[in-house]
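Got the viewer open? Take this tour one selection at a time, and look around at each stop before moving on.

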Amino acid sequence: MDFVSIRIITGDVARLVDFYERATGVEAKRYSEDFAELRTASATLAIGSTRTVPFLDPGAARPAGDQRVIIEFLVGDVDGVYRNLSGFVEEFVQEPTTMPWGNRSLLLSDPDGNLVNFFTPVSPAAIEKFAR
């Protein structure tokens, strides 16, 4: 088994895709107005419209964040991401902070309220864990 993607259901695909393109620097492939993907070397962030939900069981997915999942991106310079997003992101949940497990982390909400964490390993153990 290989974990390959996570999908966000939203009422506004274009807005959310624009946000993630700006936040990550990754250009999305827009398959239709109802579905897009941002592919990285290790996983894909898919963004689907609420109009795609009828293809699933009724009630299987709802738009907007519920604060139970955090979407995480490994970045080379979390403080640089913070500077880049300042003025673009309305409110940060947590400004860059070094966590006890060795990652420097920036936590924010996307336009739908989903939690997003950008992090950079800074302790020797964390750097080793994420070495490629």
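Start by selecting Glu-37. This is a predicted model, and in it Glu-37 has a relative accessibility of 13%. Is Glu-37 buried or exposed? The cut-off for buried is under 20%, so Glu-37 counts as buried.

Now add Arg-39 to your selection. Glu-37 and Arg-39 form a salt bridge, and their closest N and O atoms are 3.0 Å apart. Arg-39 sits on the other side of the cut-offs: its relative accessible area is 54%, which makes it exposed. So here a buried residue pairs with an exposed one. Side chains of opposite charge can pair when their charged atoms come close.

How many salt bridges are there by this rule? The count is eight, and you can visit a couple more of them.

Select Arg-30 and Glu-21 next. These two make a salt bridge as well, with 2.9 Å between the closest N and O atoms. Arg-30 has a relative accessible area of 43%, so call it partly exposed. Then add Asp-18 to the view: Asp-18, Glu-21 and Arg-30 are joined in a network of salt bridges.

Hop over to Asp-77 and Arg-83. Their side chains meet in a salt bridge too, at 3.6 Å from N to O. Asp-77 is partly exposed, at 40% relative accessibility, while Arg-83 is exposed, at 55%.

Time for a helix. Select residues 13-24, which make up helix 1. Helix 1 has 12 residues, and from its first C-alpha to its last it reaches 16 Å, close to the 16 Å expected at 1.5 Å a residue. Which residues of helix 1 are buried? Colour Val-13, Leu-16, Val-17, Phe-19, Tyr-20, Glu-21 and Ala-23 to see them. Glu-21 may ring a bell, as it's the salt-bridge partner of Arg-30. Just after helix 1, click on Gly-25, where phi is positive, at about 75°.

Next, go to the surface. Select Phe-3, Ile-6 and Val-69: they form a nonpolar patch there, with about 280 Å² of accessible area together. Phe-3 lies in the segment before strand 1 (5-10). With a relative accessible area of 59%, Phe-3 is exposed.

For a change of scene, select Asn-103, which is found in strand 7 (residues 103-109). Its relative accessibility is 9%, so Asn-103 counts as buried. What is Asn-103 in contact with, leaving aside its neighbours within four places in sequence? Show Thr-97, Thr-98, Phe-119, Thr-120, Pro-121, Val-122, Ala-126 and Phe-130, and you have the list.

Last stop: zoom out and switch to cartoon view. The protein chain has three helices and eight strands. Trace it along the sequence and you'll follow the pattern β-α-β-β-β-β-α-β-β-β-α. Of its 132 residues, 39% count as buried. Among contacts in the protein chain with a separation of 6 or more, 51% come from residues 24 or more positions apart. Finally, turn on the surface: the protein chain exposes about 8200 Å², and carbon and sulfur atoms supply 52% of it.

Definitions and conventions: Residues are numbered from 1 along each chain as its sequence is written. This is a predicted model: local features need pLDDT of at least 70, side-chain atom pairs count only at pLDDT 80 or more; totals for chains, interfaces and linings use all residues. Side-chain values use heavy atoms; hydrogens and water are left out. A salt bridge is a side-chain nitrogen of Lys or Arg within 4 Å of a carboxyl oxygen of Asp or Glu. Buried means under 20% relative accessible area, exposed over 50%, partly exposed in between (1.4 Å probe, protein chains only). Helices (H or I, at least four residues) and strands (E, at least two) are DSSP runs, numbered from the N terminus. The expected span of a helix is 1.5 Å times one less than its number of residues. Patches are made of residues with over 30% relative accessible area and no salt bridge: like charges are joined within 9 Å, nonpolar side chains (Val, Leu, Ile, Met, Phe, Trp, Tyr) within 5 Å. Accessible areas come from the Shrake-Rupley method with a 1.4 Å probe; for residues, only the protein chains shown count as cover. Contact means heavy atoms within 4.5 Å.
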